[in-house]
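Dear colleague,

I am passing on a structure that I have been reading through, and my notes follow directly after it. Please keep the two side by side as you read.

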Amino acid sequence: MPYTAQDWLISAALLQFPGTLDDGRHVNEADVAHWRDVFAEVRDAGFSDVDLFDGWVRPGDLSSARLTALKEAADDVGVGLPAISVVRSSVIDAANGQANLDYSHRTLEAAAALGSRVVSVGLHQALTPAQKAQLWFWTVEGYKDPDEREAWDLAVARLRELGKHAEELGLILSLEMYEDTYLGTADSSVALVEAIDHPCVGLNPDMGNLIRLHRPIENWEAMAEKIMPYANYWHVKNYQRDEDIARDMYVAMPAPLESGLISYRKAFQIAIANGFQGVICCEHYGGDGLSVSASNQRYLREQVLPRSADYALGESRVRQN
Amino acid sequence: MPYTAQDWLISAALLQFPGTLDDGRHVNEADVAHWRDVFAEVRDAGFSDVDLFDGWVRPGDLSSARLTALKEAADDVGVGLPAISVVRSSVIDAANGQANLDYSHRTLEAAAALGSRVVSVGLHQALTPAQKAQLWFWTVEGYKDPDEREAWDLAVARLRELGKHAEELGLILSLEMYEDTYLGTADSSVALVEAIDHPCVGLNPDMGNLIRLHRPIENWEAMAEKIMPYANYWHVKNYQRDEDIARDMYVAMPAPLESGLISYRKAFQIAIANGFQGVICCEHYGGDGLSVSASNQRYLREQVLPRSADYALGESRVRQN
Amino acid sequence: MPYTAQDWLISAALLQFPGTLDDGRHVNEADVAHWRDVFAEVRDAGFSDVDLFDGWVRPGDLSSARLTALKEAADDVGVGLPAISVVRSSVIDAANGQANLDYSHRTLEAAAALGSRVVSVGLHQALTPAQKAQLWFWTVEGYKDPDEREAWDLAVARLRELGKHAEELGLILSLEMYEDTYLGTADSSVALVEAIDHPCVGLNPDMGNLIRLHRPIENWEAMAEKIMPYANYWHVKNYQRDEDIARDMYVAMPAPLESGLISYRKAFQIAIANGFQGVICCEHYGGDGLSVSASNQRYLREQVLPRSADYALGESRVRQN
């Protein structure tokens, strides 16, 4: 049975929860009580599922015993852990590509141990000092993937290797779209996932990453038509936007999912027509992202997702898990 | 009895529904099932009434049998059709003025056949190629009505002619305010409607059209005081706005009705003090306009419209139907 | 028992209610029925408490009999009056400093007569003509406190004098943060309140005033860590914001409390960790500020404030009343 508004898995991102404790230790070293408090805050905001964004805890770096404790903390609080999002750990990073690949493999194993369904990775790299100095890091240019066949081939090979590992573990791998990487446009993302050519590797069509830039952008609806056949997990977030080309002005601001530039009503129609049944993860930058995410979940369940299971579900090009 | 929050007619605009089908035909040629699906989506979003915006179906171009089928589709779904909005079909268009006038007459007849109460027309003309190339078409200048007495007289005469026809059919005609037309400012709009001087011809005080421009704007509250005595139908939408005159910067973004620049609480107080009892149509550009419109309807019913019928209703200068 | 989401005092600001009646008289001269109508509108919007912002009624200028009538109007409608906000009446105003001091004393006495708990004052002065000519007055520079020890000493002395008076009356005094005054940064605000050094004088950490400016701003979270130990009343409002430093572009727009730049979830965690138990006043500029404030109150009670009284309350540096 396809998912409906009632049972579709919607997780909360943990973007607002820091990876460093007040005493300077990494949250991986925290007491289980700290993890439990975070899970409880997310649950109390209205979520029954959490995306283990690795800017918070890094499951790939936890011991087996600590992983069990993390899972127990989630169980105690009553939240599921359907997904892990790995960010800024590109497998083609010039200095750390191999280390990031190893970490991604460990994260897949952690995901299996936690009973997750999907791991999301990307090709975006560390924020530059200039990016860190901005109110919003996306308002200045950052890292760019090189326009070199060799690097692209390496990305294909390493991501396919991760896809095979995911398959062995009963998981799927999702590739997060992000500007100036090989996953930076609809066409380049489709080209990459088609070159990887593995049923367990699809796209995380995080169009919010792309519509917030202070430069011309692709039309989101045209993008959605191209990428949704490959979607297998989805970071949903929205931005309001204005442009004044004659004045070289671009403005973008984090917005509730309902009232931003992307119509998630329409985007989900396109996704469902292309067989999407993946986990949805609510992200929101700036301010009280957790509360906005909770409002976003309500919007999705009340206005966007199908109310009954008798809808026409298209065929995806990738496995949905 | 004057309307209250419970029974005031609030329709949804169909701005997000395209006039062209996937197979290239106009939606006028669609199967009735397609029309029914659109009406059902609007109803499921929370509306019991629909504005037949003619960027979607063009009732004035439907045969009598197809008009009946359209009405039956609405009845089947359970939505009313209190209004038709005709856009970009100016009766003083240099090339198509007479054809637009004829079409407007046919639309009035269609409105009567559908049991509607009001038809909204305007003097805005087709978007320019430059406008179509922008993220938001209103960020560059478009068509302007000529500063010529002859053209203005023609507008007055033809709109009065439509008003008379509306009266014969038991309808009212509403003139949509729009920048750079004779309906582009509060004063020019009042001048036009007073020159037309027909009780069935009033204003559609669509101030949202005017506050989103990338240039200095009229104060909306001062506008409302001038135009509300003539309001007989109302496209409500809102924008958030910032200006930095010293930097020649203007920013405007579609916003929920509650949180944009115009206070609809205050605007309705002014409207009611001037006898307004017209149909309200929720419009919203960009993104999931239908869901935002549904939220806007809730806002109007919960926070803005009178809770009981014992309020002081002023006297309008035009018929409210 | 510390406050919870259910019983924390949250008042509505009256920013949208003008101080001048249609007939030109000041609202202080209005019939009691007018005051009652305003209180009823605020109550119907969802509030049980009102902040007597003195851009509307000026309690410090009401006679004893009229003050009683004002209190009775509030009682009749069923709203409490826990706070009075005095604005743009700086006690160090070059021309009117002594008059403003006298007025502030009278306002404290009025507050006691009304059964209020807190009076908020500030050092911001009258808007300049240039500020009044803008869409948003904060987009151009206004009055600045002088960089002179003598003026600062006078501010300290006069505000301490008001604090002593407040204490005698069983009240507390709160100092509103505002750009370009001695209360314009976190550090200067802490310095001022520490120099005043009176337990009944604390800060109104109105960070919304500071994050809307068209210039670089302090990080709100770093500010909150510094100022919250001194908070004893709180004007809460939020803005969405974008910057593009390379283009010298700053954009800020009034936003719902949930979805603006400041995370009030986090800000209240910091406040509570520093013993905050003060009255919360919902302000919102532009548009339907009262309805947005009502939504903001819901957000605070549903997502931000503690659900039960067993939370860890830190120790404040000032009295909370």
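In this predicted model, strand 7 of chain C, which spans residues 233–236, is covered on both of its faces. On one side lie Tyr233(C) and His235(C), on the other Trp234(C) and Val236(C), and all four of these residues are buried. The partner of strand 7 in chain C is strand 10 (residues 279–282) of that chain, and the two run in the parallel sense, joined over 4 bridges. Within this pairing, Val279(C) of strand 10 is the residue that stands opposite Tyr233(C).

Next comes the place where chains B and C touch, a contact to which chain B brings 20 residues and chain C brings 21 residues. On the side of chain B, the elements that give two or more residues are strand 8 (238–244), strand 9 (249–255), helix 9 (264–273) and helix 10 (289–304). Of these, strand 8 of chain B gives the most, with 5 residues. If you sort the residues on this side of chain B by character, you will find 8 nonpolar, 5 polar and 7 charged.

Finally, a residue in chain A: is Arg301(A) buried, exposed or partly exposed? It counts as partly exposed, because 16 other C-beta atoms lie within 10 Å, whereas 20 or more would make a residue buried and 12 or fewer would make it exposed. Arg301(A) belongs to helix 10 of chain A, which covers residues 289–304. Between the C-alpha atoms of Arg301(A) and Leu114(A) there is a separation of 26 Å, and the two residues are 187 residues apart along the chain.

With best wishes

Conventions:
Residues are numbered from 1 along each chain as its sequence is written. Chains are lettered from A and ligands numbered from 1 in the order in which they are written. This is a predicted model: local features need pLDDT of at least 70, side-chain atom pairs count only at pLDDT 80 or more; totals for chains, interfaces and linings use all residues. Two residues are in contact if their C-beta atoms, placed from the backbone, lie within 7 Å. Ala, Val, Leu, Ile, Met, Phe, Trp, Tyr, Cys and Pro count as nonpolar, Asp, Glu, Lys and Arg as charged, and the others, Gly among them, as polar. Two strands pair if DSSP finds at least two bridges between them.
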